[in-house]
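Grab a coffee and work through these exercises with the model open beside you. Each one sets a task, then walks through a solution.

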Amino acid sequence: MADILNLAEFSETRSEIGAAVSQCAPYIPLYVKIKLTWLCNLRCAMCNVWRVRKKSQLTFPVLQGVAADLAELGTRKIHLSGGEVLLLPNIIEIIDLFAGYGMQVNLTTNGTLLTQEMADRLVASGVHNISISLDGATRAGHDRLRGQDNWKRTTRGIRTLRRAAKHARRKLHIRVNTVITRHNYLDLAALPETIHQLGADRLTLIPVDDPGDQLRLNKIRINHFNAEVAPYLGEIALALGLISQVAEAYPFGTRSEEIEQSKRGNYALGFYRQQPCYVPWLHALITPRGRVYPCCMLRSSPPIGNIITDGGFREVWTGAAYGQFRRQMLLPGQQPALCLACDDFIETNKYLHELLQPAQAPR
């Protein structure tokens, strides 16, 4: 679902990206996601963070080193997430650290801690986009996944944030992220109107990652969602400007072969069987323990390196281990199996694949 940057910008640097890809060398970490903490105040059904109770979090001195490295390497956008980032007493200081280097700062929160004071501080900070997790148009659908009374707290938080931005006369993008599970998918038809009234200006639908198959939609439910929910949801969301194309209302696909993939949790819909993923040349994930991964999907795999023990982010990004992983991504059949479940960056990858056709084979 995510894009690195405005895709048209890649055409201006086609030769540089092509050379980096063909040599399995680093390009620019244009977009970096930083999980600041594993601490969270919720116990969501689809999340394992609270179950493993990891206490680690990145310290401000470490983040200062990361910010300096990213600025020098040319990073344009970072995404701060957790855990729940609003539990950190210095979250505004962290936002302003990266914004001070000219990076676009996006932040994800569950919205339950968006008091008036916090909303005012966020609006006054250097944050550009705030994504808030809301999993239903009604309390029942959301609270079954996120816990009792959290729908009320989250919706109140969205209203408070929008009101604060309006009062400050600041343009702040508020995105709602909605995880689709077998328990809430029927509750989503009215979601666009609900979040528009709350003050959100963007909607992203996220099929649940569910290796245990307790929450994932089966084929019958996917077909039901496509027939009964997605048409209305897509029409209204498009009319309200919450999505840019109706296809975004059909994250499970519409063709029979796509639905077959989705029922198994392969939300890439077979995409990465046809072409490689170029994200390791453009993106990285940093966890609260300093571990670096190519993306969120692969954080259950061995890390590429560690910013704390391996000399900083630059050393990891330009190191041999990252180079070897990039080479692996270009070899047919060698991509990690988890890539099949990833629906992030697909538009970016489609564009780059067409742009870089002559430069795919590693040397």
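Two strands count as paired if DSSP finds at least two bridges between them. Strands (E, at least two residues) and helices (H or I, at least four) are DSSP runs, numbered from the N terminus. This is a predicted model, where local features need pLDDT of at least 70 and side-chain atom pairs count only at pLDDT 80 or more, while totals for chains, interfaces and linings use all residues. Residues are numbered from 1 along each chain as its sequence is written, and side-chain values use heavy atoms, with hydrogens and water left out.

**Exercise 1. Trace the sheet and find its edge strands.**

Step 1: write down the strand order. The sheet is open, has nine strands and reads β6-β5-β4-β3-β2-β1-β7-β8-β9, with mixed pairing.

Step 2: look at the ends. β6 (202-207) and β9 (305-306) are the edge strands, each pairing on one side only.

Step 3: check the β6 end. Six bridges link β5 (residues 173-180) to β6 in the parallel sense, and Val176 sits opposite Leu203 in β6.

**Exercise 2. Work out what surrounds β7 (residues 283-286).**

Step 1: start with its side chains. His283 and Leu285 point one way, Ala284 and Ile286 the other, and all are buried (under 20% relative accessible area with a 1.4 Å probe, protein chains only; exposed is over 50%, partly exposed in between).

Step 2: take the β1 neighbour. Strand β1 (residues 31-35) runs parallel to β7, joined by four bridges, and Ile34 has Ile286 as its bridge partner in β7.

Step 3: take the β8 neighbour. β8 (residues 291-293) runs antiparallel to β7, with two bridges; Leu285 has Tyr293 as its bridge partner in β8.

Step 4: inspect the connection. β7 and β8 make a hairpin with four residues between them, and Gly290 in the turn has a positive phi of about 90°.

**Exercise 3. Does the span of helix α8 (residues 150-167) agree or disagree with its residue count?**

Step 1: get the expected span, which is 1.5 Å times one less than the number of residues. For the 18 residues of α8 that gives 26 Å.

Step 2: compare. The end C-alpha atoms are 25 Å apart, so the two agree.

Step 3: see what α8 packs on. Its buried residues, among them Trp151, Ile158 and Leu161, pack against α6 (116-124), β4 (127-133), α7 (139-146), β5 and α9 (191-198) (contact means heavy atoms within 4.5 Å).

Step 4: step off the end. Just after α8, Arg169 takes a positive phi of about 55°.

**Exercise 4. Is Ile222 buried or exposed, and what does Ile222 touch?**

Step 1: locate Ile222 in helix α10 (residues 219-239).

Step 2: read the accessibility. Its relative accessible area is 0%, so Ile222 is buried.

Step 3: list the contacts. Leaving out residues up to four places away in sequence, Ile222 touches Leu217, Phe252, Ile259, Ser262 and Lys263.

**Exercise 5. Describe the lining of the largest cavity.**

Step 1: fix the term. On a 1 Å grid over the protein atoms alone, a cavity is a set of points where a 1.4 Å probe fits but cannot get out, and lining residues have an atom within 4 Å of a point.

Step 2: name some of the lining. Residues there include Tyr272, Cys277, Phe325, Met329 and Phe345.

Step 3: sort by class. The lining has twelve nonpolar, no polar and no charged residues (Ala, Val, Leu, Ile, Met, Phe, Trp, Tyr, Cys and Pro count as nonpolar, Asp, Glu, Lys and Arg as charged, and the others, Gly among them, as polar).

Notes: 1 Å grid on protein atoms, 1.4 Å probe; cavity = no way out; pocket = protein on both sides within 12 Å on 5 of 7 lines; lining within 4 Å.
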